Amino acid sequence: MTAVPLATFLGELESLRSAASAALSAAADASALEAARIEFVGARAGRLKAIQKLLGGLDVADKPAAGKHFNDTKAAIAELLAAAQGRLAGGPSGGVAQGIDVTLPGDRVPLGHFHPLTQTIRRVQEIMGRLGFESVDGPEVEDQWHNFEALAIPAAHPARDPLDNFYLAVAREADPLLLRSQTSTVQIRVMENREPPLRIVSLGRVYRPDTADATHYPMFHQVEGLLIEPGTTMAHLKSVLRLFASSFLGGDVHVRFRPSFFPFTEPSVEVDMEWGGRWIEMGGAGMVDPAVLEAVGYDPDQVSGFAFGLGVERIAARRYGVADIRDFYRNDVRFLRQF
Ligand code: PHE
């Protein structure tokens with residue numbers, strides 16, 4: 001039997017390598033790649049295997065050189081295969097195969113984020129949570145009892161005027177439903193269902209038929225706070241508001257109370273906050289009126305507490321330096337992207 005000439009063997013190897021290279025880099029999907037893999041490096045009938053069998057027929061003197069070339073070719077094909085696999089998986093070795101340095105810093109995929117009002121709501125919940133206030137929700141469609149009656153706003157009160165509220169056109173004449181005009185409704189809903197002590201905040205939408213301008217909108221958001229604990233005073237109310245405002249706005253915020261009137265608090269105050277040299281009215285507050293405590297079945301001789309209501313748009317506008325609250329609702333991404 002004549003020995004296989006070394007040159008023939010090396011020629012076989014070389015044509016195998018270029019055929020494998022062409023097939024692997026042309027493979028357009030996983031099944032084409034798998035077919036190429038089986039054809040070239042398949043363990044039983046692969047073309048590399050067939051060439052390996054020729055090794056035995058070489059002249060003994062040629063075997064070391066032939067073996068080395070065989071191993072080089074085998075390694076080269078394995079590399080081509082890995083690169084092709086990476087390319088199809090879109091992975092790093094695919095990048096390397098295309099001459100891209102995957103170790104360089106890349107472009108950050110632009111991710112979206114929460115709306116500034118949602119961010120504000122979450123931050124208020126988080127800060128108040130640290131002060132022990134649990135966050136609760138209430139319905140936006142309300143009845144007369146929760147929006148007015150239990151809050152000591154009697155039938156003849158101007159706050160119940162149809163022109164100042166969004167009454168719903170559903171037939172419920174004795175007890176017309178409306179879109180809630182304030183989040184104080186949630187105070188009632190919570191107190192009706194729980195016993196003191198209580199510390200809750202409720203953030204959500206409220207509706208009033210106001211003409212939209214830089215500081216008004218027919219739909220806006222409020223933060224309602226309620227604390228019912230023995231021995232509560234206006235000093236506690238002021239401390240909580242000041243701690244909240246300092247955490248929310250950052251730095252030292254001053255809180256000022258101006259005498260006011262709300263049917264459901266006594267005494268009642270307007271809450272102003274000073275930050276960066278400017279005083280701004282943020283909402284109302286006061287000690288929960290005994291009539292309200294009675295309406296929910298509490299004994300006003302036993303329990304006391306405070307309540308406050310702040311405008312979410314107002315505190316957000318102050319914090320972010322927004323001059324016109326209508327910008328919050330326009331959904332212009334050039335505006336929203338800034339937060
Ligand atoms: N509900 C009042 C408003 O909408 C604000 C307020 C809440 C006042 C709680 C006192 C206590 O104007």
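Reader: How far does a polar side-chain atom of Q182 lie from a nitrogen atom of the ligand?
Author: This is a predicted model, with residues numbered from 1 along each chain as its sequence is written; local features need pLDDT of at least 70, side-chain atom pairs count only at pLDDT 80 or more, and totals for chains, interfaces and linings use all residues. Side-chain values use heavy atoms, with hydrogens and water left out. A polar contact is a pair of N or O atoms within 3.5 Å; within protein, one must be able to donate a hydrogen and the other to accept it, and residues adjacent in sequence count only if both atoms are side-chain atoms. For Q182 and a nitrogen atom of the ligand, the distance is 2.8 Å.

Reader: Which residue has an N or O side-chain atom 2.9 Å from an oxygen atom of the ligand?
Author: S184 also has a polar side-chain atom at 2.9 Å, but its partner is a nitrogen atom of the ligand. The contact with a ligand oxygen atom belongs to Q222.

Reader: What share of the ligand's accessible area does the protein cover?
Author: On its own, the ligand has 330 Å² of accessible area. Such areas come from the Shrake-Rupley method with a 1.4 Å probe; for residues, only the protein chains shown count as cover. The protein covers 91%.

Reader: How many residues surround the ligand?
Author: A residue is near a molecule or strand if one of its heavy atoms lies within 4 Å of it. The closest are Q182, S184, R208, Q222 and G309. The full count is 14.

Reader: How far apart are the C-alpha centres of domain 1 and domain 2?
Author: The bounds come from an automatic or database domain assignment. It gives domain 1 as 6-88 and domain 2 as 116-336. Their C-alpha centres are separated by 76 Å.

Reader: What is the strand order of the open sheet of seven strands?
Author: Strands (E, at least two residues) and helices (H or I, at least four) are DSSP runs, numbered from the N terminus. Two strands pair if DSSP finds at least two bridges between them. Pairing in this sheet is mixed, and the order is β1-β5-β6-β10-β9-β8-β7.

Reader: Which strands stand at the edges of that sheet?
Author: An edge strand here has a single partner, so one side of it is left without a neighbour in the sheet. The two are β1 (134-135) and β7 (254-262).

Reader: What angle does helix α6 make with β5?
Author: Helix α6 (116-130) packs on the sheet, touching β1, β5, β6 and β10. Contact means heavy atoms within 4.5 Å. Axes are lines fitted to C-alpha atoms, for helices over the stretch in contact, and angles run from 0 to 180 degrees between N-to-C directions. The angle with β5 is about 165°.

Reader: What angle does helix α9 make with β10?
Author: Helix α9 (234-249) packs on the sheet too, and touches β7, β8, β9 and β10. Its direction makes an angle with β10 of about 35°.

Reader: Which residue of β8 stands opposite V255?
Author: β7 and β8 form a hairpin with two residues between them. Eight bridges join these antiparallel strands. Opposite V255 stands M273.

Reader: Which residue of β10 stands opposite G283?
Author: Strands β9 and β10 run antiparallel, joined by five bridges. Facing G283 is L310.

Reader: What is the order of the three-strand sheet?
Author: This sheet is open, with antiparallel pairing. Its order is β2-β4-β3.

Reader: What is omega for the peptide bond from P196 to P197?
Author: P197 lies in the loop between α8 (184-193) and β5. The bond is cis, with omega near 5°.
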